[in-house]
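Reader: Could you take one part of this model and walk me through it closely? I'd like the aromatic rings, and then whatever packs around them.

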Amino acid sequence: MASTSITLSALSISPSTSQPHRNPSASSPSLPCHLPPYNLSTTFMGKKLSIRIPNLNHLASKHRTAVATVLFSLPTAKPDRNSTGKSPKWSARAIKSFAMAELEARKLKYPNTGTEALLMGILVEGTSLAAKFLRANGITLFKVRDETVNLLGKSDLYFFSPEHPPLTEPAQRALDWAVDQKLKSGENGEITVAHLLLGIWSEKESAGHKILASLGFDDEKAKELSKSMDTDYVSSFK
C-alpha cells in the first residue's frame, strides 16, 4: 500500500490575559524558539504524518507589546503658559481623577468630557481631600450620576464614545481656572483635586456647577474647602 503524506501547519495562538503566566524555566514541555522551519515525520496508522514547525521568531515579531498611555499633565487651552516652564504640576490624584472622568463619560456614552464627568471622576478616585469633603456633605457618586442623567439625559444606546472624549469648553476652563488660581496663590506644590473641584464650581452655568448646587454645595462650602487647603481662595467666591 502506497504511503500517504499529510501535512499539518501549526497555528499561532495569541496568549490570553486570563491564563496564568508560566515560567519559561518550568518543566512543562515547550517548543524551542530557535528551531528553524523544518518537517518532523512519523507514522500514524500506517500513514506518513508530516508536521511542519513554523519559524517562531517570525511569529513573535508579529506581536507588538501594548503600551499604556500615562498622563503626566492635563489638557490646557493656554499652551504658552506651559512653554515658559512656570506652570505647576498636577497631583497624581488629580490626574487619576481626570482619567476616571473620561471613563465615566464613556460609560454614559457621552461624546465629551464635561464638568459633570470631572465631578464624577473626583468621586470615583475617592481618596482626595475634595472627594472626602464631598462625601462628608452627602454628595456621592450615585447621586451625581442620577443628577447628570436627569440634567443631560441618556445618550443614544448605539453611540460609542471615543477613547478620550474631548473636553467641553466649561470643563477646559475649569482646568485652566485651577492652574491660574494655583499660580495666583504664589505657593509651591502641586495643583490638587480640590483646585479641580473649585474650578468646576467657578463655571456657574456648567452642568457640574448645577449638579453640585442641587446636592447642597454652595459658596460657603467652597470657602470651607479653600480654608482646608490652607490656600486663600475666599475672595474668588465673594
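Author: Here is a look at the ring pairs, followed by the helices around them and the wider core.

A bit of housekeeping before the rings. This is a predicted model, where local features need pLDDT of at least 70 and side-chain atom pairs count only at pLDDT 80 or more, while totals for chains, interfaces and linings use all residues. Residues are numbered from 1 along each chain as its sequence is written, and side-chain values use heavy atoms, with hydrogens and water left out.

For orientation, the protein has ten helices and three strands, taken as DSSP runs numbered from the N terminus (H or I, at least four residues, for a helix; E, at least two, for a strand). The order from the N terminus is β-β-β-α-α-α-α-α-α-α-α-α-α.

Now the rings. Searching the whole structure turns up two aromatic pairs. Rings of Phe, Tyr and Trp (its six-membered ring) pair if their centres lie within 6.5 Å, and planes under 30 degrees apart are stacked, over 60 edge-to-face, and the rest tilted. One pair is Phe133 with Phe217, edge-to-face, with 6.4 Å centre to centre and 80° between the planes. This pair links distant parts of the chain: Phe133 sits in helix α5 (residues 129-136), and Phe217, 84 residues apart from it, in the loop between α9 (207-214) and α10 (219-228). Phe133 counts as buried because its relative accessibility is 12%, and Phe217 is buried too, at 2%. The cut-offs here are under 20% relative accessible area for buried and over 50% for exposed, with partly exposed in between (1.4 Å probe, protein chains only).

Phe217 also pairs with Trp201, again edge-to-face, at 5.0 Å centre to centre and 70° between the planes. Trp201 belongs to helix α8 (residues 193-202) and Phe217 to the loop between α9 and α10, so this pair ties together parts that are 16 residues apart in sequence. With 3% relative accessibility, Trp201 is buried as well. Put the pairs together and you get a cluster of Phe133, Trp201 and Phe217.

Next to look at is α9. Its buried residues are Ala207, Gly208, His209, Ile211 and Leu212, and among the elements covering them are α4 (115-125), α5, α6 (141-152) and α8. After α9 comes Gly216, with a positive phi near 100°.

How do α8 and α9 meet? Their axes are 7 Å apart and the packing angle is about 95°; axes are lines fitted to C-alpha atoms, for helices over the stretch in contact, and angles run from 0 to 180 degrees between N-to-C directions. That makes α8 roughly perpendicular to α9, since 65 to 115 degrees gets that label, with under 35 being roughly parallel, over 145 roughly antiparallel, and the rest oblique. On the α8 side, Leu197, Ile200 and Trp201 make the contact, and on the α9 side Gly208, His209, Leu212 and Ala213. Contact means heavy atoms within 4.5 Å.

Leu212 is worth following further. Leaving out residues up to four places away in sequence, Leu212 touches Leu119, Leu134, Ile139, Leu197, Ile200, Trp201 and Phe217, and two of those names are ring-cluster members, Trp201 and Phe217.

That leads to the core. A nonpolar core is a set of buried Ala, Val, Leu, Ile, Met, Phe, Trp, Tyr and Cys residues joined through side-chain atoms within 4.5 Å. The largest one has 42 residues, and Trp90, Ile122, Leu134 and Leu212 have the most contacts inside it. Two or more residues each come from α3 (92-107), α4, α5, α6, α7 (169-185), α8, α9 and α10. The largest share, seven residues, is from α8.

Since α7 is on that list, a few words on it. Ala171 lies in helix α7, and 0% relative accessibility makes it buried. Not counting neighbours within four places in sequence, Ala171 contacts Thr113, Gly114, Thr115 and Leu118. Between Ala171 and Gly114 there are 5.2 Å, C-alpha to C-alpha, at 57 residues apart in sequence. Glu169, also in helix α7, is exposed because its relative accessibility is 60%. Past the helix is Gly186, with a positive phi near 70°.

Zooming out, 35% of the 238 residues are buried. Of the contacts with a separation of 6 or more, 68% join residues 24 or more positions apart.
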